[in-house]
Amino acid sequence: MRKLLFTILILSAILFGLWKLSNSRTFQVTGELISRVELSDSLVALTFDDGPTPGYTDEVLNVLNRYAIPATFFLTGREIESNRAEAEKIIKAGHQVGNHSFSHSQMILKRPEFIINEIERTNYAIRQAGFDGEIYFRPPYGKKLFMLPVILKNMEQTSVIWDIEPELFADVGSSAEAIAGHIEENVTPGSIILLHVMYPSREESRLAVPMIIENLQRQGYRFVTVSELIQRGLEEEKMFSFPNR
């Protein structure tokens with residue numbers, strides 16, 4: 001009985017460890033994972049997951065255009081293929097596009113062939129829509145274990161997740177004002193903000209976008225794409241690094 005209990009405890013500890021690893025925002029077993037960028041300058045990246053979808057894409061693009069700010073859209077390959085014109089609008093408006101898998105399936109406990117197909121097929125759809133910049137990958141639900149990081153490293157593709165996710169909290173995500181307030185309270189230079197705005201159920205998130213922009217601009221923040229955020233981080237790192245004497 002004692003041996004059985006010990007075995008159960010060990011298995012429980014292993015499963016808990018794997019669960020923590022799969023959800024970690026700051027660590028993966030290999031390759032590059034970015035959840036925020038260390039910066040002294042007040043720059044942030046506003047990112048949107050899923051889509052593109054008819055109607056809602058235009059609604060969000062109109063807001064971004066009104067404030068003249070860039071954003072980064074992590075799109076799914078399936079929705080790019082179904083709504084190619086919407087993806088092209090995002091790209092033509094000057095925004096960055098990232099890979100959010102093809103089918104939005106969790107990328108854990110999957111065969112390598114499945115994961116590779118999900119990434120490559122979406123990369124191809126993004127290129128066909130006209131995006132020619134670096135394509136970052138955002139795992140669905142932010143989940144990863146061993147295989148996905150290894151594959152991404154072999155493909156020389158970086159994982160980008162986030163450090164601010166207001167919709168994670170039910171009491172926050174149900175109100176546009178609460179979403180904007182949560183971001184204002186938690187933002188720091190180099191933050192990567194995650195929102196979902198592409199479906200009917202996400203009306204409060206869409207309504208929050210202009211509030212978020214105005215709140216952060218009042219604090220002196222400037223919005224940039226994920227690529228620019230990473231590049232500025234590299235520039236600062238180089239600027240403040242000194243050779244060993």
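Begin with the whole chain in view: among contacts between residues at least 6 apart in sequence, 77% join residues at least 24 apart. Keep in mind on this tour that the model is predicted. Switch to a cartoon view and you can look for 10 helices and seven strands. Of the 245 residues, 49% count as buried. If you turn on the surface, the chain exposes about 12,600 Å², and carbon and sulfur atoms supply 55% of that area.

**Stop 1: helices α8 and α9**

Select residues 176-186 for helix α8 and residues 203-218 for helix α9. The two axes come within 8 Å and cross at roughly 40°. How do α8 and α9 lie to each other? An angle under 35 degrees would count as roughly parallel, and one of 65 to 115 as roughly perpendicular; α8 and α9 are therefore oblique to each other. Their crossing is right-handed.

Now show the side chains where the two helices meet. On the α8 side, pick Ala-176, Glu-177, Ile-179, Ala-180, Ile-183 and Glu-184. Facing them in α9 are Glu-204, Ser-205, Leu-207, Ala-208, Met-211, Ile-212, Asn-215 and Leu-216. Colour this contact by class and you should find nine nonpolar, two polar and three charged residues.

**Stop 2: Ala-180, inside that contact**

Stay in helix α8 and click on Ala-180. Is Ala-180 buried or exposed? Its relative accessible area is 2%, and buried means under 20%, so Ala-180 is buried. Which residues is Ala-180 in contact with, leaving aside its neighbours within four places in sequence? They are Ala-208, Met-211, Ile-212 and Asn-215. For a distance to try in your viewer, draw a line from the C-alpha of Ala-180 to the C-alpha of Pro-210: the two residues are 30 apart in sequence and 8.8 Å apart in space.

**Stop 3: helices α2 and α9**

Keep α9 selected and add helix α2, residues 56-67. The axes of α2 and α9 come within 10 Å and cross at roughly 20°. That angle makes α2 roughly parallel to α9, and α2 passes α9 in a right-handed crossing.

To see the contact, show Tyr-56, Glu-59, Val-60, Val-63, Leu-64, Arg-66 and Tyr-67 of α2. Then add Arg-206, Val-209, Pro-210, Ile-213, Glu-214 and Gln-217 of α9. By class, this contact has eight nonpolar, one polar and four charged residues.

**Stop 4: a cis peptide bond**

Next, find Pro-52 in the loop between β2 (43-49) and α2. Zoom in on the bond between Gly-51 and Pro-52: this peptide bond is cis, with omega about 10°.

**Stop 5: Thr-72 in strand β3**

Move to strand β3, residues 72-75, and select Thr-72. With a relative accessible area of 1%, Thr-72 is buried. What does Thr-72 touch, not counting residues up to four places away in sequence? Show Leu-46, Thr-47, Phe-48, Gln-96, Thr-225 and Val-226 to see the answer. You can also draw a C-alpha to C-alpha line from Thr-72 to Asp-49, which spans 8.8 Å in space and 23 residues in sequence.

**Stop 6: helices α5 and α6**

Select residues 112-128 for helix α5 and residues 147-154 for helix α6. Their axes come within 10 Å and cross at roughly 50°. That makes α5 oblique to α6, and the crossing is right-handed.

Show Pro-112, Ile-115, Ile-116 and Ile-119 in α5, together with Met-147, Leu-148, Ile-151 and Leu-152 in α6, which they meet. Which classes appear in this contact? Its residues divide into eight nonpolar, no polar and no charged.

**Stop 7: two residues with positive phi**

Finish with a pair of loops. Ser-101 lies in the loop between β4 (96-99) and α5. Phi of Ser-101 is near 75°, a positive value in a residue other than glycine. Ser-101 is buried, with a relative accessible area of 0%.

Then go to Glu-156, in the loop between α6 and β5 (159-160). Glu-156 is not a glycine either, yet its phi is positive, at about 55°. Is Glu-156 buried or exposed? At 69% relative accessibility, Glu-156 counts as exposed.

Definitions and conventions:
Residues numbered from 1 in each chain as written. Predicted model: local features only at pLDDT ≥ 70, side-chain atom pairs only at ≥ 80, totals over all residues. Heavy atoms only, no water. Axes fitted to C-alpha atoms, helices over the stretch in contact; angles between N-to-C directions. Helix = DSSP H or I, 4+ residues; strand = E, 2+ residues; numbered from the N terminus. Parallel < 35°, antiparallel > 145°, perpendicular 65-115°, else oblique. Left-handed = near helix turned anticlockwise from the far one by under 90°. Contact = heavy atoms within 4.5 Å. Nonpolar A, V, L, I, M, F, W, Y, C, P; charged D, E, K, R; others polar. Buried < 20%, exposed > 50% of the residue type's maximum accessible area, 1.4 Å probe, protein only. Areas by Shrake-Rupley, 256 points an atom, 1.4 Å probe, with all protein chains shown as cover.
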